Amino acid sequence: MPSVEELYRNYGILADATEQVGQIRRQAIKELPQFATGENLPRVADILTQLLQTDDSAEFNLVNNALLSIFKMDAKGTLGGLFSQILQGEDIVRERAIKFLSTKLKTLPDEVLTKEVEELILTESKKVLEDVTGEEFVLFMKILSGLKSLQTVSGRQQLVELVAEQADLEQTFNPSDPDCVDRLLQCTRQAVPLFSKNVHSTRFVTYFCEQVLPNLSTLTTPVEGLDIQLEVLKLLAEMSSFCGDMEKLETNLRKLFDKLLEYMPLPPEEAENGENAGNEEPKLQFSYVECLLYSFHQLGRKLPDFLTAKLNAEKLKDFKIRLQYFARGLQVYIRQLRLALQGKTGEALKTEENKIKVVALKITNNINVLIKDLFHIPPSYKSTVTLSWKPVQKVEMGQKRATEDTTSGSPPKKSPAGPKRDARQIYNPPSGKYSSNLSNFNYERSLQGK
C-alpha cells in the first residue's frame, strides 16, 4: 500500500515547499472527496482513514467531515476503506477508525444507513471481533446495538450470541486468570442491556451458576479497587430476571442456595448466662445478600417447591433459622437508617454520607421484602423489588444504555495501556459497609466499612 504522501503526489496536490505543507495538506483533504468517484472512492476512503492519525485538530476535523461527505455518496465503498484500515492498518489508525464509526454512524440519515449498509457493518464487524481488545469490543457493541436492523428481538438475539461467543462460554472458567475474569465481566456488561422477556439470559446465568459461583472467593481482577465478588453477584442478579428454561435448574438453584447460605450466618451460640459464647457476632454483608437472595428468588419461581420438596427437613429448618437471624439484624439497620434520614430532603440528601444511607436503606428494604416472601408457608415468589443500584423509573427492557458522545473536534488522545472498564458505572457499596456487631450496634461506625 503506498503512503499517504505518495497518494497525494498521484493526485498532484502535494507541494514541495515545506513551510506550506500544513496548509496544502488541509486543502488536499478538502479536495479529496472530489476524487471519490467510482472505483476511486474506496481508495479515497482508505486515504482519509489513514489521515485520522493526525494530531492537528483542524486537520482532524477536516478528515472527519470529508469521510462523512463520501459516506453520503457511497456508504458501502466508504465502509470498505474504513474496515480495511481497521483490519490491516496501524494501531493508532485502527483505534481512531473504530471511534469514528462509534460516534459518527448514528449521525447519518436513514437513507444512508440502509438495511444493506447495516448488514455490511455487521458482517465486517464480525471479522474484527475475532481479535479485539476489551475497549474495542465495547465500542463495537455500541456501534452494533445502535443499528436499526438490530433493534428487533431477532437482532438483539444475534447480539447476545456475538457476546456469548466473545465471552467464550464453552470454555472452563479460570478464576485465577485476571484476563479471563475481566473478559467475562466486560462481555456480561454488554449483554445485560440486551436481555428482555423475549431475549433470554439463560446461557449466561447457567455459566455463572456452574462456573463462577463455586469459584467466587478466588476471583482475581486487574481493576484496582473493584469488589470483584460483588460485581459478579450484581450481574447475576440483573440477568436472573430474564432467565428462560434451564436444563439443570435444580442443580444450579442448589449452587445458588449454597452460596446464599455462606452469607446468611447462624446466630451465635449463647453461654449459660445468656451472653454470647463467642467474642464477636457474625458480620452481615447486606450488599452480597441482596444480590444472592434476589437471584434465588427469581430462579426459585421456576421451581417453587425447591425449599419444601428438594431440601430435607433439617436443611430447611437451618435455612429458616438463618433467615430469622438475618431479619432481626435487618430491622435494627432499617430503623437506624430511617431515623438518620428522617426529615432530610433536597440538598441534604445529596451529601456523600446521606447518599450511602439512602442506598443502604434500599438494600435493606429489598432484603426485607424477599425474606418475608420466603417465610410464607409454602414459600412465595410473588413480590417484586427494584435492585438497589437500578433506577426506580420503568425502563424499556432491551433499551441500550446512554453512553457519552465523543463528538469533539479534537483528535482523541491515545488511551493509556492497562485494563479498561465499561463506561457504565453503578454505585457500588462495598461488602460489609453496613456491617457491625448486632449486640452493640453503632450506625456511624458501620458506615466506615471494614
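These are my notebook entries on aromatic pairs, salt bridges, one helix and the nonpolar core of a predicted model.

**Entry 1, aromatic pairs.** I began with the rings, since a pair of aromatic rings is described by the distance of the centres and the angle of the planes. My search over the whole structure returned nine aromatic pairs. I looked first at Phe 257 and Phe 319, whose centres lie 4.9 Å apart with 65° between the planes, and I logged the pair as edge-to-face. I then placed both partners: Phe 257 sits in helix α13 (residues 249–262) and Phe 319 in helix α16 (residues 313–341), so this pair ties together parts that are 62 residues apart in sequence. When I checked accessibility, Phe 257 and Phe 319 were both buried.

I next took Phe 286 and Tyr 333, for which I found a centre separation of 4.7 Å and planes at 80°; because an angle over 60 degrees counts as edge-to-face, I entered this pair as edge-to-face too. Phe 286 belongs to helix α14 (residues 286–300) and Tyr 333 to helix α16, so the pair ties together parts that are 47 residues apart in sequence. I noted both Phe 286 and Tyr 333 as buried. I also recorded that Phe 257 and Phe 319 join Phe 296 and Phe 306 in one aromatic cluster.

**Entry 2, salt bridges.** Side chains of opposite charge can pair when their charged atoms come close. For the whole structure I found 16 salt bridges, and I followed some of them individually. Lys 99 pairs with Glu 95, with 3.4 Å between the closest N and O atoms, and both residues lie in helix α6 (residues 91–104), four residues apart, or about one turn of the helix. Are these two partners buried or exposed? I found Lys 99 to be buried at a relative accessible area of 18%, and Glu 95 likewise buried at 14%; the cut-off I applied for buried is under 20%.

Arg 322 and Asp 318 form a salt bridge with their closest N and O atoms 2.7 Å apart. These residues are four apart in helix α16, which puts about one helical turn between them, and I recorded Arg 322 as buried, with a relative accessible area of 14%.

I then turned to Lys 310 and Glu 250, which meet in a salt bridge at 3.8 Å, N to O. Lys 310 lies in helix α15 (residues 306–310) and Glu 250 in helix α13, so the pair ties together parts that are 60 residues apart in sequence. Lys 310 counts as partly exposed at 31% relative accessibility, and Glu 250 is partly exposed at 33%. I noted that Arg 254 is linked with Glu 250 and Lys 310 in a network of salt bridges.

**Entry 3, helix α14.** I tested the length of α14: at 1.5 Å a residue, its 15 residues should span 21 Å, and I found its end C-alpha atoms 20 Å apart, which agrees. I also checked burial along α14, where 15 of the 15 residues are buried, so this helix is largely enclosed by the rest of the structure.

**Entry 4, nonpolar core.** Which residues have the most contacts inside the largest nonpolar core? In that core of 130 residues, I listed Leu 48, Phe 204, Phe 296 and Leu 307. Helix α16 supplies its largest share, 11 residues. For Leu 307, leaving out residues up to four places away in sequence, I listed contacts with Phe 257, Phe 296, Leu 316, Phe 319, Leu 374, Pro 379 and Tyr 381; among them, Phe 257, Phe 296 and Phe 319 are members of the aromatic cluster in my opening entry.

Conventions: Residues numbered from 1 in each chain as written. Predicted model: local features only at pLDDT ≥ 70, side-chain atom pairs only at ≥ 80, totals over all residues. Heavy atoms only, no water. Phe/Tyr/Trp six-rings, centres within 6.5 Å; stacked < 30°, edge-to-face > 60°. Helix = DSSP H or I, 4+ residues; strand = E, 2+ residues; numbered from the N terminus. Buried < 20%, exposed > 50% of the residue type's maximum accessible area, 1.4 Å probe, protein only. Salt bridge = Lys/Arg side-chain N within 4 Å of Asp/Glu carboxyl O. Expected span 1.5 Å × (residues − 1). Core = buried A, V, L, I, M, F, W, Y, C linked by side-chain atoms within 4.5 Å. Contact = heavy atoms within 4.5 Å.
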